[in-house]
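Colleague: I have a model open and would like to talk through its helices and its packing. Could you take me through it step by step?

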Amino acid sequence: MPSASLFDSIVGGPPLIQRRAIAKAITLLESTRADHRAQADVLLTRMLPHTAKSFRLGISGVPGVGKSTFIEVLGLYLIDQGHRVAVLAVDPSSSISGGSILGDKTRMEKLSTNENAYIRPSPSSGTLGGVAEKTREAMLVCEAAAYDIVLVETVGVGQSETAVANMTDMFVLLQLPNAGDDLQAIKRGVMELADLVVINKADIDSAAATRAQAQITASLRLLGLHGHPDRAHHDRQQWHRKVIQISALSGQGIEGFWAAVLEFKNLQMSNGQLSTRRQHQALSWMWERIDVGLKQMFQNNPAVRERLPALSAAVQSGRMAASTAARQLLNACDPGRDLGSMAEMKMVPGSSPA
Ligand code: GDP
């Protein structure tokens, strides 16, 4: 399908054709062929104006906390409210485990068969950067296809949480009711990422859930991440992180959860933070891809490849300073600089530039 008709099918095609077009577009975006990539770039540029109205919600939590149960119940609730919901996942470990742990359709049975939902498991390519990039682009495709709510799921371990927080408008951390007993387990960094902390499985032990809610709220305050009640009226324009309780299994608290999301969204829209966050994200995605691209170009450069083994050995054995080797390799990569330094060297014996 040429990219023009692919675009039309994504943006306005009937449901079945649209689904196929989304899958095709994502395959195109994931292709390593240069001609595919060029088509994908044209497609992305055309789709961008259609992505502004969406809301991107990141959802994280340790395995077993209830993410897929929550996403299923939330997704169906949102569809009931007239939304279209896309579910994407970032799970760099899925290539190791040989399958998609997250976004697995069998875990969200009702949602996956609903025509207003689109569920895509985590791309199973090695690095986190690669997985995050593919998910970001898939997100844009879904948004162009009028999925106005995008849920991006990730596991509560390591850098994948940062990656998801950096591609979404709001980041939600799911916790178990016993989390409050072991606050050490909740790292400060993750707390800083979380715009909303949700204690799930409140039905199991409501006293424990209430205790956890109080403890996490107190620790947010201690970390300066939760506004002090006395100061709240001074900065109504600022979001104060919240902690709420739900039971994904019974659906209890889902309405309250969505009300908190809307409160956040409305505030961030009125104070301009929503668009600022997206602008920052877009620029940092660009620089991230430039970093990756430059490194690839560098490593593929014939002069670098030729000199790298000897210079690496020299650094390893302590015969050459790491910074000297790096400079020589960078110079090797840039013929202009090489010529410049050769000209300088020629001038050295007895000649003065002045
Ligand atoms: P995930 O690994 O984070 O996606 O967690 P799952 O959604 O697969 O849930 C793990 C287990 O917890 C499943 O057996 C769910 O039925 C159960 N579960 C999820 N949410 C709740 C809840 O609110 N209450 C109770 N009692 N069980 C829940």
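**Helices and cores**

Colleague: Before anything else, what comes right after α10, and what is the sign of its phi?

Modeller: Bearing in mind that this is a predicted model, α10 is followed by G224, whose phi is positive, near 75°.

Colleague: And at the other end, which residue's side-chain oxygen reaches the backbone nitrogen of A207?

Modeller: That is D205, with a side-chain oxygen coming to within 3.3 Å of that nitrogen at the start of α10.

Colleague: How far apart are the end C-alpha atoms of α10, and what should the helix span?

Modeller: They are 24 Å apart, and this agrees with expectation, because the 17 residues of the helix (residues 206-222) should span 24 Å at 1.5 Å a residue.

Colleague: Which residues of α10 are buried?

Modeller: The buried ones are A208, A209, A212, I216, T217, S219 and L220. Viewed down the axis of α10, these buried residues fall within an arc of 165°, so they line one face of the helix.

Colleague: What do they pack against?

Modeller: The buried residues of α10 pack against β5 (170-175), α9 (188-193), β6 (196-199) and β7 (242-245).

Colleague: Since M191 is in α9, is M191 buried or exposed?

Modeller: M191 counts as buried, because its relative accessibility is 2%. M191 and L223, 32 residues apart in sequence, have their C-alpha atoms 8.8 Å apart in space.

Colleague: Switching topic, which residues touch the most other members of the largest nonpolar core?

Modeller: Those are I10, L43, M47 and V141, in a core of 48 residues. Helix α7 (residues 128-144) gives the most to this core, contributing eight residues, and the core draws at least three residues from each of domain 1 (1-49) and domain 2 (51-271).

Colleague: What does M47 touch?

Modeller: Leaving aside residues up to four places away in sequence, M47 touches F7, I10, V141 and A144. Apart from that core lies another, of 35 residues, which includes L57, M108, I149 and W258.

Colleague: Last one: how many residues does α12 have, and which of them are buried?

Modeller: Helix α12 (residues 273-300) has 28 residues and reaches 40 Å from its first C-alpha to its last, close to the 40 Å expected at 1.5 Å a residue. In α12, L274, R277, R278, Q281 and W285 are buried, and what covers the buried residues of α12 includes β1 (55-61), α7, α8 (160-165), β5 and α11 (254-270).

Conventions
Residues are numbered from 1 along each chain as its sequence is written. This is a predicted model: local features need pLDDT of at least 70, side-chain atom pairs count only at pLDDT 80 or more; totals for chains, interfaces and linings use all residues. Side-chain values use heavy atoms; hydrogens and water are left out. Helices (H or I, at least four residues) and strands (E, at least two) are DSSP runs, numbered from the N terminus. The expected span of a helix is 1.5 Å times one less than its number of residues. Buried means under 20% relative accessible area, exposed over 50%, partly exposed in between (1.4 Å probe, protein chains only). The arc is that of the directions from the helix axis to the C-beta atoms. Contact means heavy atoms within 4.5 Å. A polar contact is a pair of N or O atoms within 3.5 Å; within protein, one must be able to donate a hydrogen and the other to accept it, and residues adjacent in sequence count only if both atoms are side-chain atoms. A nonpolar core is a set of buried Ala, Val, Leu, Ile, Met, Phe, Trp, Tyr and Cys residues joined through side-chain atoms within 4.5 Å. Domain bounds come from an automatic or database domain assignment.
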